[in-house]
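Biologist: I am new to this structure and would love a close look at one strand and its surroundings. Could you walk me through that part step by step?

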Amino acid sequence: MTLHLSSIIIQTARNLKHTWGTQIMTLITVSLSVLIFSFFSLIFLNLKQAGAQLGENIRLIIYLDHEIPLAVQPQYIKKIQSFNKVEKIVFKSRDAALAHLSKQLGQDSDVLADLNSDFLPPSIEVYPAKDLESLSRIKQFSDFLTTLPGAQKVQYGREWIERLGYFTQLIKLIVLLSGGLLVLTATFMVSSTIRLTVVSRNNELEILRILGASKSYIQLPLIIEGFLQGILGSAIGLLCMHFLFSYVKSRFAGPGLLSIIHFSFLPTPITAAILLISIFLCTFGSIISIRKFLNL
């Protein structure tokens, strides 16, 4: 068993030595694919996290032409929740609006001394769920809220929220495309590399088969090559991404967006998943090539 294993390792080393140029190019290609995929995944995950943090301060205010009776409020709540997930719904009367305005004015609140609350509209404050899915639908949610009975106007930070939603959808699309690129690159580049190994050593492999070498003795060195491409390529790509993330975070630390929102690297489960998927794809590419060109 030990001799058989050592022979497989020696055969793998010989294969790598004979095709080292192609092996390096494949390794670089796999690493770049993992780097691109992890880069956009990192942006998307941090955008989701940022959306949750920013969502704490986001609310839609529905200005009404009349106050909603207490008995009718559950109907409004049910209708609002039927369209979108919400954290909280607050009904604000004219008197409550006047009290809030007076609090905002602080020392200047005496200007309201001779006024009653009739000049202020009642309102409903809707706090959407703290996730990017809710934020990306904020425009549709706002349009829906304008259809509520008595609604005159819906106000929210429209411009920047919509931009955040569009940007998030774009990044999500890029993540899917880069994931497809990773699958194609890892599978077909490694498959092509193994194919070149098989072609260059075809006579030698044919002799081994004639001499009675087992299938495992012929196949395993080639499968190990794909496995090594997967583990080394993904590890290099992820390490480069980590160094890049650490550099950017330290370089731009201080006042600004990075101090307001906490950005973090890919969680351990996602990092492990990228590593394992890359290994699987590269190994799978090796198996495809072996079966196709060795007819085993």
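Modeller: Happy to! One definition helps before we start: a residue counts as buried when its relative accessible area is under 20%. Please keep in mind that this is a predicted model.

Let us set the scene. The chain has 296 residues, and 39% of them count as buried. Its secondary structure is made up of eleven helices and four strands. The strand I would like to show you is β3, which covers residues 123-128.

With the cut-off in hand, look at how β3 sits in the model. Six of its six residues are buried, so β3 is largely enclosed by the rest of the structure. Its side chains point in two directions: S123, E125 and Y127 go one way, while I124, V126 and P128 go the other way, and all of them are buried.

Now for the sheet around β3. The four strands make an open sheet, in the order β2-β3-β1-β4, with antiparallel pairing. At the edges stand β2 (86-92) and β4 (151-155), each with a single partner strand, so one side of each has no neighbour in the sheet. From one strand to the next, the twist averages 15 degrees.

In that order, β3 lies between β2 and β1, and we can follow the bridges to each. Six bridges join β3 to β2, and the two run antiparallel; here V86 has P128 of β3 as its bridge partner. Towards β1, four bridges join the strands, again antiparallel, and I61 is partnered with E125 of β3. One step further along, β1 (residues 60-64) is joined to β4 by four bridges, with A151 in β4 as the bridge partner of L64.

Two helices also belong in this picture. Helix α3 (residues 73-83) lies across β2 and β3, and runs at about 145 degrees to β2. Helix α6 (residues 138-145) lies across β1, β2, β3 and β4, at about 15 degrees to β1.

Finally, let us zoom in on S123, which belongs to β3. Its relative accessible area is 5%, so S123 is buried. Which residues is S123 in contact with, leaving aside its neighbours within four places in sequence? They are I61, I62, Y63 and L64, together with V90, F91 and K92. Residues 60-64 make up β1 and residues 86-92 make up β2, two strands that you have already met as bridge-joined to β3.

Methods:
Residues are numbered from 1 along each chain as its sequence is written. This is a predicted model: local features need pLDDT of at least 70, side-chain atom pairs count only at pLDDT 80 or more; totals for chains, interfaces and linings use all residues. Side-chain values use heavy atoms; hydrogens and water are left out. Buried means under 20% relative accessible area, exposed over 50%, partly exposed in between (1.4 Å probe, protein chains only). Contact means heavy atoms within 4.5 Å. Two strands pair if DSSP finds at least two bridges between them. Axes are lines fitted to C-alpha atoms, for helices over the stretch in contact, and angles run from 0 to 180 degrees between N-to-C directions.
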